[in-house]
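The following exercises concern one protein chain. Please read each task, attempt it with the structure in view, and then compare your reasoning with the worked solution.

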Amino acid sequence: MAEEYTRRSLVLQEWELGIDKIDNRIYLPKSPVQSIDYVAVNGEPIPLDNYYLVGADTFYTKIPLCATMPDGVVIRYKAGFDTNQVPEKIKHAIKMLVGYLYENREGQASGGLGLPPAVMVVLRPYRTVML
């Protein structure tokens, strides 16, 4: 629930993104990105010196990448915090959420993610915005 709300990987995870083309840059959907492990077009690996990462989530390519098959541009990457580097406020929000779910374990119909407002307030600074 916290990962869905913040749109981040809270622990280290491997992700694969398949798209049709990249003109110059693309925002990777999970952050913070720790490493880019593999980039290929139509199954052919792209050399490391043809792409780079800027900030926590922006993949840049020096040459346009265009595939001849659907989702033929593949980016495999690792995203998330190391276990000992998860921000304390995120840990606190998760503890608050666990307490809330324990107190309300009978279940209830709710829209959205069903996060209590106090948990959303704590997590809001860590939420990435999709444009």
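**Exercise 1. Determine how many bridges join strand β4 to strand β9, and in which direction the two strands run.**

Solution. Step 1: locate the strands, which are DSSP runs of E of at least two residues, just as helices are DSSP runs of H or I of at least four residues, both numbered from the N terminus. Strand β4 covers residues 33-41 and strand β9 covers residues 73-79. Step 2: count the bridges; 7 of them join β4 to β9, and the two strands run antiparallel. Two strands pair if DSSP finds at least two bridges between them. Step 3: pick out an opposite position: A40 faces V74 in β9.

Before going further, note the basis of these values: the model is predicted, local features need pLDDT of at least 70, side-chain atom pairs count only at pLDDT 80 or more, and totals for chains, interfaces and linings use all residues. Residues are numbered from 1 along each chain as its sequence is written, and side-chain values use heavy atoms, with hydrogens and water left out.

**Exercise 2. State the order of the strands in the open sheet and identify its edge strands.**

Solution. Step 1: the sheet is open and is formed by 4 strands in the order β1-β9-β4-β5, with antiparallel pairing. Step 2: the edge strands are β1 (13-19) and β5 (44-45), since each of these pairs on one side only. Step 3: examine the pairing of β4 with β5, where 2 bridges join the antiparallel strands. Here A40 stands opposite P45 in β5. Step 4: the hairpin of β4 and β5 has 2 residues between the strands, and within this hairpin N42 has a positive phi near 55°.

**Exercise 3. Describe the surroundings of K78 in strand β9.**

Solution. Step 1: K78 has a relative accessible area of 26% and is therefore partly exposed (buried means under 20% relative accessible area, exposed over 50%, and partly exposed in between, with a 1.4 Å probe and protein chains only). Step 2: K78 and V33 are 45 residues apart in sequence, yet their C-alpha atoms are 5.9 Å apart in space. Step 3: list contacts, defined as heavy atoms within 4.5 Å. Not counting residues up to four places away in sequence, K78 touches L12, Q13, E14, P32, V33, Q34, S35 and D37.

**Exercise 4. Contrast this with T68: where does T68 lie, and is T68 buried or exposed?**

Solution. Step 1: T68 belongs to the loop between β8 and β9. Step 2: its relative accessibility is 72%, so T68 counts as exposed. Step 3: from C-alpha to C-alpha, T68 and Y51 are 20 Å apart, with their positions 17 residues apart in sequence numbering.

**Exercise 5. Find what is notable in the backbone at R7, D71 and P32.**

Solution. Step 1: recall the general rule. Most residues other than glycine have a negative phi, and most peptide bonds are trans. Step 2: R7, in the loop between α1 (2-6) and β1, is not a glycine but has a positive phi of about 60°. R7 is partly exposed, at 27% relative accessibility. Step 3: D71, in the loop between β8 (65-66) and β9, also has a positive phi, near 55°. Its relative accessible area is 46%, so D71 is partly exposed. Step 4: P32 is placed in the loop between β3 (25-27) and β4, and the peptide bond from S31 to P32 is cis, with omega near -5°.

**Exercise 6. Decide whether N50 is buried or exposed, and name its contacts.**

Solution. Step 1: N50 is in the loop between β5 and β6 (51-54). Step 2: N50 is buried because its relative accessible area is 19%. Step 3: leaving aside neighbours within four places in sequence, N50 is in contact with Y60, T61, K62 and I63.

**Exercise 7. Characterise the chain as a whole.**

Solution. Step 1: the chain has 3 helices and 9 strands, in the pattern α-β-β-β-β-β-β-β-β-β-α-α. Step 2: its radius of gyration is 18 Å, well over the 14 Å that the globule rule gives for 131 residues, so the chain is more spread out than a compact globule (the radius is taken over C-alpha atoms, and the rule is 2.2 Å times the number of residues to the power 0.38). Step 3: 37% of the 131 residues count as buried.
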